Amino acid sequence: MKSARRRQAESQEVIDELMEGLRVAKVRMVEEKASDDVAARSEIDALKEVMQHQSDAHRIKVSGLEDALMKEKSSAALREATKLEELRKEHFEQLSNSIVGLEEKFQSDLKEM
């Protein structure tokens, strides 16, 4: 009987040791998971910050490109208006020359009559 009780006591000690080892392992696992969660959150925050900086840089670049585009549109519109004005002046000169020619012809026709 003693040996059965002794074996049972030894078995219980082994079981208790294993249970304590399991408890310690669980505690370590929880601590490591918490540590991993903190590290992951830290990495996520760092990535968010990098993405925010990149987004801000892209916004600034887009704003600069929009300004350049507006200046180019203004320049193009000004060039187009200048071309139209030159064409108008040229047309006006042609009409003036035609009128002068017609007046001279009219005057010469009047003299001939």
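The following paragraphs describe the overall form of this predicted model and then turn to its surface and charges.

The secondary structure of the protein consists of one helix and zero strands. That helix, α1, covers residues 2-112. The overall dimensions can be read from the C-alpha atoms, which fill a box of roughly 160 × 20 × 5 Å along the principal axes. The radius of gyration is 48 Å, whereas a compact globule of 113 residues would have a value near 13 Å. Within helix α1, where Asp 45 is found, one pair of residues gives a sense of scale: Asp 45 and Glu 72 lie 27 residues apart along the chain, and their C-alpha atoms are separated by 40 Å.

Solvent accessibility comes next. Of the 113 residues, 0% count as buried. The accessible surface comes to about 10900 Å², and carbon and sulfur atoms account for 60% of this area. Asp 45 has a relative accessibility of 48% and therefore counts as partly exposed, since the exposed class requires over 50%.

A local feature of the surface involves nonpolar side chains. Ile 15, Met 19 and Leu 22 make a nonpolar patch of about 280 Å². Leu 22 belongs to helix α1 and is partly exposed, with a relative accessible area of 42%. Leu 22 can take part in such a patch because this value of 42% lies above the required 30% relative accessible area.

The charges complete the description. The protein carries 20 positive and 25 negative charges, and the mean positions of the two sets are 11 Å apart.

Note on methods
Residues numbered from 1 in each chain as written. Predicted model: local features only at pLDDT ≥ 70, side-chain atom pairs only at ≥ 80, totals over all residues. Heavy atoms only, no water. Patch = residues over 30% accessible without salt bridge, like charges linked within 9 Å, V, L, I, M, F, W, Y side chains within 5 Å. Areas by Shrake-Rupley, 256 points an atom, 1.4 Å probe, with all protein chains shown as cover. Salt bridge = Lys/Arg side-chain N within 4 Å of Asp/Glu carboxyl O. Helix = DSSP H or I, 4+ residues; strand = E, 2+ residues; numbered from the N terminus. Buried < 20%, exposed > 50% of the residue type's maximum accessible area, 1.4 Å probe, protein only. Rg over C-alpha atoms; globule rule 2.2 N^0.38 Å. Lys, Arg positive; Asp, Glu negative; His and termini not counted. Charge placed at Lys NZ, Arg CZ, Asp CG, Glu CD.
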